[in-house]
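Trainee: Could you take me through one part of this model slowly, and show me what surrounds it? I would like a close look at a single helix and its partners.

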Amino acid sequence: MSTTSESEALARYLSDPAHAGVYRLEAARIEALVPSVSEKRGSAVAGAEWRRLPAASYWSREALLDGLAASLAFPDHFGRNWDAAWDCLTELGWGEERALVVLVPAAPADEAAMAAFVELMQDAAEHWAARGHALVTLMLSEAQVAGALQAVPLLPRGASEV
């Protein structure tokens, strides 16, 4: 299957609100599927809007919140805490895209901050799925996964082949 058709198949899979949530994905796999996603512009592929958090050398609470705010264009009054992030996530505007896919680059992380981030994004995904929208967070990872990401399910291998 070509990269373009794999990208489109993945976007269709992720556009289904039934598949909303937080998944783990090997970093090399997403680069092969969707190479052009940047934190500033994003990218639209087959009805899904893709956004990438800026790369970080370490995911602290502040880095996760700032990265989320930058990639999703939170308002200037964003309070840089989990409650404020929830408020901004539940007030997202949905255009014609069926899904919003947030890519989080692989990096070592503060375990408590990463666990809170994963919970926040899962809760937001459930919030939007109940309203017919698919919010998906893809936690890009290396082959070896530790800590909070171990509990995050892998994106099914067949997702880019449906």
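Mentor: Happily; here is a walk around helix α3, its neighbours and the loop before it.

Some ground rules come first. This is a predicted model in which residues are numbered from 1 along each chain as its sequence is written, and in which local features need pLDDT of at least 70, side-chain atom pairs count only at pLDDT 80 or more, and totals for chains, interfaces and linings use all residues. Side-chain values use heavy atoms, leaving out hydrogens and water.

Now the setting. The protein chain has five helices and five strands, and from the N terminus on they run α-β-α-β-β-α-α-β-α-β. Helices (H or I, at least four residues) and strands (E, at least two) are DSSP runs, numbered from the N terminus. Of the 162 residues in the protein chain, 47% are buried; buried means under 20% relative accessible area, exposed over 50% and partly exposed in between, with a 1.4 Å probe and protein chains only. Among contacts (heavy atoms within 4.5 Å) with a separation of 6 or more, 75% join residues 24 or more positions apart.

Start just ahead of the helix, at S60, in the loop between β3 (48-52) and α3. S60 has a relative accessible area of 19%, so it counts as buried. Its side chain reaches the backbone nitrogen of A63 at 3.1 Å, a polar contact (a pair of N or O atoms within 3.5 Å; within protein, one must be able to donate a hydrogen and the other to accept it, and residues adjacent in sequence count only if both atoms are side-chain atoms). Leaving aside neighbours within four places in sequence, S60 is in contact with D110 and A113. S60 and D110 are 50 residues apart in sequence, yet their C-alpha atoms are 5.4 Å apart.

Within α3 (61-71), the buried residues are L64, L65, G67, L68, A69 and S71. Their cover includes β3, α4, β4 and α5. After α3 comes A73, with a positive phi near 55°.

Next, the helix partners. Two packed helices are described by the angle between their axes and the distance between the axes. Here axes are lines fitted to C-alpha atoms, for helices over the stretch in contact, and angles run from 0 to 180 degrees between N-to-C directions. α3 and α4 pack at about 20°, with axes 11 Å apart. They are therefore roughly parallel; angles under 35 degrees count as roughly parallel, over 145 as roughly antiparallel, 65 to 115 as roughly perpendicular and the rest as oblique. R61, L64, L65 and L68 of α3 meet W82, A85 and L89 of α4.

With α5, the angle is about 30° and the axes are 9 Å apart. That makes α3 roughly parallel to α5 as well. On the α3 side R61, L64 and L68 make the contact, and on the α5 side A113, M114, F117, L120 and M121.

Finally, α5 itself. Its 19 residues (111-129) should span 27 Å at 1.5 Å a residue, and its end C-alpha atoms are 27 Å apart, which agrees; the expected span is 1.5 Å times one less than the number of residues. At its start, a side-chain oxygen of D110 comes within 3.2 Å of the backbone nitrogen of A112. The buried residues of α5, including A113, M114, F117, L120 and M121, pack against β1 (21-26), α3, α4 (82-89), β4 (99-104) and β5 (134-141).
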